[in-house]
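Welcome! Open your viewer, get comfortable, and let us walk through this structure one selection at a time.

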Amino acid sequence: MGKLVRRTLEGDSTVLEWSGDNADSVRAAAEAMRREVQAGYVAVVGGEGRHEPIDDLPADADVVILTMPMGGG
C-alpha cells in the first residue's frame, strides 16, 4: 500500500493511498500527485538517501511526499 502525503508546517496529512496491484487506485494517486505538483508542490519518494523530485508516481513506492520548494539564495 502506497501513501501520498502532503508535508506542511502544521504536520503531515495523507492525501491518498493506493495499492500497486490496483490500476485504478494507482491512476487516482498519479492524478492527485500531478494536481499537487501543478499547484506548486514538489513530489519526492520517501525513504533514506537523497530525495530527488519526481514527475511520475512510482506504483511500488511506500510513500511519496509532497512539499513546498525551499526558499533561499
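Start by selecting L57. Keep in mind that you are looking at a predicted model. Setting aside neighbours within four places in sequence, L57 is in contact with W18, V26, A29, A30, M33 and V64.

Next, bring up the largest nonpolar core, which has 14 residues. L57 is among those with the most contacts inside this core, along with L4, W18, M33, A43, V64 and L66. Which elements give two or more residues to this core? They are α1 and β4. The largest share comes from α1, with five residues.

Now colour the strands. You will find an open sheet of four, in the order β2-β1-β4-β3, with mixed pairing. Why is one side of β2 and of β3 left without a neighbour in the sheet? Strands β2 (11-18) and β3 (42-45) stand at the edges and each has a single partner strand, so one side of each stays free of a neighbour there. On average, neighbouring strands of this sheet are turned by 25° against each other, direction ignored.

Move to β1 (residues 2-8) and β4 (residues 63-67): these two run parallel and are joined by four bridges. Select L4 here, and you will see V64 of β4 opposite. Then add helix α1 (residues 23-38), which packs on the sheet and touches β1, β2, β3 and β4. The direction of α1 makes about 140° with that of β2.

For the last stop, pick Y41. R6 lies over the face of its ring, at 5.8 Å from the ring centre. If you go looking for aromatic pairs, a search of the whole structure finds zero.

Key:
Residues numbered from 1 in each chain as written. Predicted model: local features only at pLDDT ≥ 70, side-chain atom pairs only at ≥ 80, totals over all residues. Heavy atoms only, no water. Phe/Tyr/Trp six-rings, centres within 6.5 Å; stacked < 30°, edge-to-face > 60°. Lys NZ or Arg CZ within 6 Å of the ring centre and 35° of its normal. Pairing = 2+ DSSP bridges. Axes fitted to C-alpha atoms, helices over the stretch in contact; angles between N-to-C directions. Contact = heavy atoms within 4.5 Å. Core = buried A, V, L, I, M, F, W, Y, C linked by side-chain atoms within 4.5 Å. Buried < 20%, exposed > 50% of the residue type's maximum accessible area, 1.4 Å probe, protein only.
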